[in-house]
Amino acid sequence: MNIHSKFYAAAVIALSIAFLGICIKWGIDDFVNKDRNVTVKGLAEKEVEADKVTWPIPTKELGNDLPELYKRINLTTDKVKAFLKQHGLKDEEISVNAPVVIDLNADQYNQNLRGYRYNITSIITVTSNQVKLVREIMAKQGELLKQGVAIVDGGYDNRTTYEYVSFQKMKPEMMQEAIRNAEATARQFAENSHSTLNKITKADQGQFTIMDRDLNTPYIKKVRVVTTVTYSLKN
């Protein structure tokens with residue numbers, strides 16, 4: 001073997017040893033840092049106005065003459081519908097359920113001492129995206145009292161509900177904000193621990209919730225998303 005061949009062989013061996021050393025260093029670094037992670041939560045919140053309202057309007061008639069009660073409940077229903085349309089609602093936003101009749105004498109456990117036999121209830125339901133308009137109409141229910149129409153309490157089953165149905169449109173933007181907030185928290189943690197933030201190793205899609213801002217303003221919703229992100233750390 002001449003001197004050139006020996007030199008070439010020695011150079012190859014030296015390069016191989018150097019490369020092996022680099023690989024070993026990489027392996028050691030990965031082993032040391034493989035469990036160095038930080039898991040943080042990112043929050044994004046936004047207040048929005050509801051864009052859908054469902055307003056049940058129950059009316060009731062009491063008496064003993066069932067045909068007469070049907071006439072009265074239908075007349076009441078017509079007055080309520082006219083009132084709603086007069087203030088700007090459309091036919092497709094108003095639906096009328098079939099009247100529900102309770103025969104108080106048919107209940108063997110009920111001692112009917114009220115002086116009437118039948119209790120008939122009709123519910124008109126307003127379903128609309130014109131939330132502001134519907135709320136204005138609600139404030140004018142006194143006009144119905146002048147016509148002899150009393151809106152009764154529908155209880156929990158017939159309460160007015162507000163929804164935010166445009167929620168899907170804002171999901172991507174809110175997710176981005178939540179992830180940015182999570183990253184800011186992770187960077188602060190890395191800085192405090194004298195490390196550098198590396199790549200994301202795990203993340204969830206985020207849990208969205210929509211709730212009333214408070215009891216007095218159910219037409220204002222608070223949209224909230226919390227996402228959990230895990231980052232790796234390096235020196």
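Which residues does Leu62 touch, not counting residues up to four places away in sequence? The legend to Figure 2 gives the answer, after an overview of the predicted model.

**Figure 1. Overview of the predicted model and its confidence.** The model is a prediction in which local features need pLDDT of at least 70 and side-chain atom pairs count only at pLDDT 80 or more, while totals for chains, interfaces and linings use all residues. Residues are numbered from 1 along each chain as its sequence is written, and side-chain values use heavy atoms, with hydrogens and water left out. The protein contains five helices and nine strands (DSSP runs numbered from the N terminus, with H or I over at least four residues for helices and E over at least two for strands). Along the sequence, these elements follow the pattern α-β-β-α-β-β-β-α-α-β-α-β-β-β. The average pLDDT (the predictor's confidence in each residue, from 0 to 100) is 84, and 82% of the residues score at least 70. Over residues 23-33, pLDDT stays under 50, and the model has three contacts beyond four places in sequence for this segment (contact meaning heavy atoms within 4.5 Å). Where pLDDT is low, the predicted coordinates should not be read in detail. Among contacts between residues at least 6 apart in sequence, 79% join residues at least 24 apart. Of the 235 residues, 30% count as buried (under 20% relative accessible area, against over 50% for exposed and in between for partly exposed, with a 1.4 Å probe and protein chains only).

**Figure 2. Surroundings of Leu62 in strand E2.** Leu62 touches Leu69, Arg72, Tyr116, Tyr118 and Asn119, not counting residues up to four places away in sequence. Its relative accessibility is 34%, so Leu62 counts as partly exposed. The C-alpha atoms of Leu62 and Gly115 are separated by 9.7 Å, although these residues are 53 residues apart along the chain.

**Figure 3. The salt bridge between Glu61 and Arg72.** The closest N and O atoms of this pair are 2.8 Å apart (a salt bridge being a side-chain nitrogen of Lys or Arg within 4 Å of a carboxyl oxygen of Asp or Glu). Glu61 lies in strand E2 and Arg72 in helix H2, so the pair ties together parts that are 11 residues apart in sequence. Glu61 is buried at a relative accessible area of 14%, whereas Arg72 is partly exposed at 31%. A search of the whole structure finds nine salt bridges.

**Figure 4. Salt bridges of Glu47 and Asp212.** Glu47 pairs with Arg213 in a salt bridge whose closest N and O atoms are 3.5 Å apart. This pair links distant parts of the chain, with Glu47 in strand E1 and Arg213 in the loop between strand E8 (207-212) and strand E9 (220-234), 166 residues apart. Both partners are partly exposed, Glu47 with a relative accessible area of 46% and Arg213 with one of 33%. In the salt bridge between Asp212 and Lys221, the closest N and O atoms are 2.4 Å apart. Asp212 is partly exposed at 36%, while Lys221 is buried at 7%. Glu47, Arg213 and Asp214 are joined into one network by salt bridges that share partners.

**Figure 5. Asp51, a buried residue without a salt bridge.** Asp51 lies in the loop between strand E1 (37-49) and strand E2 (52-63). The nearest side chain of opposite charge (Lys and Arg count as positive, Asp and Glu as negative, and His and the chain ends are not counted) is that of Lys169, 7.2 Å away. The side chains of Asp51 and Ser166 are joined by a polar contact of 2.6 Å (a pair of N or O atoms within 3.5 Å; within protein, one must be able to donate a hydrogen and the other to accept it, and residues adjacent in sequence count only if both atoms are side-chain atoms). Not counting residues up to four places away in sequence, Asp51 touches Ser128, Asn129, Val131, Glu163, Tyr164, Val165 and Ser166.

**Figure 6. The largest nonpolar core.** This core (a set of buried Ala, Val, Leu, Ile, Met, Phe, Trp, Tyr and Cys residues joined through side-chain atoms within 4.5 Å) has 19 residues, of which Trp55, Leu84 and Leu89 touch the most other members. Strand E2, helix H2 (66-86), strand E5 (118-128) and helix H3 (131-138) each supply at least two residues of the core. Helix H3 gives the most, with five residues. Apart from this core lies another, of 11 residues, among them Ala44, Val48, Phe167 and Ala178.
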